[in-house]
Amino acid sequence: PAVLRPGGTPVQIRKAILLIGLLLGFTAASAFKPEMGEVPASLAQHLEYVDGTPLDLDALKGKPTVLYFGGDWCVPCQETRPFVIEVAKKYGNAANVVFVSMDDNVKRETKKAEAVATAPMKIAMPRVALCPPGKCLDGLKDLGAFGRIYGYPTAIVLNKEGAVVWKVNRGMPIRYSLGDVLKELK
């Protein structure tokens, strides 16, 4: 069996990996806006659900919310997205999970509209007025007063009051820690 140190157990190894992931996640997360503890500025001017409805963070208050920023073209996103989907399925109506797809809006009416029908989470994209199809191949990084997304995947978790309680920029901690973060917020 795998050991962390002589006499270590698989459970201890999992806890050590989780702790390291959390530490790396918080380290990577501390350098970008929105800040920890802050209620971020609106995204409605920059992002909308696939059906064209603005992404209104105020409407998501009352439940923990995961904003997962990624794209189909992003290899690390392909590795972490299944874990976000798993979290969305597990928490169902107890949490809001929003996949903010930074794919080109040319995919909105085909691939993304189809995905909405089966996805356990909502899907938002850059507003068409800001990113016409074929013009923003890797989405928006500057989200105005909300902040800037520096890399993908990025996950930001808001508590029931809408304040940032966890964030990871380009982090595999999404894979290992997201479920535990939501569990703490229930």
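1. A disulfide is taken here as a pair of cysteine sulfur atoms within 2.5 Å, and a search of the whole structure finds two of them. The model is predicted, so that local features need pLDDT of at least 70 and side-chain atom pairs count only at pLDDT 80 or more, whereas totals for chains, interfaces and linings use all residues. Residues are numbered from 1 along each chain as its sequence is written, and side-chain values use heavy atoms, with hydrogens and water left out.

2. One disulfide joins C74 to C77, with an S to S distance of 2.3 Å, and its 75° about the S-S bond makes the link right-handed. Both cysteines, C74 and C77, are buried, a term that stands for under 20% relative accessible area, with exposed meaning over 50% and partly exposed in between (1.4 Å probe, protein chains only).

3. A disulfide also joins C131 to C136, with S to S 2.3 Å, but here the link is left-handed, at -80° about the S-S bond. C131 counts as buried because its relative accessibility is 2%, and C136 is buried with a relative accessible area of 16%. With the bonded cysteines of the chain numbered in sequence order, the pairing reads 1-2, 3-4.

4. Strands β5 (residues 154–158) and β6 run antiparallel and are joined by five bridges, where two strands pair if DSSP finds at least two bridges between them; strands (E, at least two residues) and helices (H or I, at least four) are DSSP runs numbered from the N terminus. L158 has V164 in β6 as its bridge partner. The hairpin of β5 and β6 has five residues between the strands, and G162 takes a positive phi near 90° there. Five of the six residues of β6 (residues 164–169) are buried, so this strand is largely enclosed by the rest of the structure.

5. The largest nonpolar core, meaning a set of buried Ala, Val, Leu, Ile, Met, Phe, Trp, Tyr and Cys residues joined through side-chain atoms within 4.5 Å, has 46 residues, and L55, L67 and F69 have the most contacts inside it. Elements that each supply at least two residues of this core include β1 (47–49), β2 (65–70), β5, β6 and α4, while the largest share, five residues, comes from α2. Leaving aside neighbours within four places in sequence, L67 is in contact (heavy atoms within 4.5 Å) with residues including V98, F146, I156 and L158.

6. Helix α4 (residues 173–185) has 13 residues and reaches 17 Å from its first C-alpha to its last, close to the expected 18 Å, a span defined as 1.5 Å times one less than the number of residues. Its buried residues are P173, I174, S177, L178, V181 and L182.
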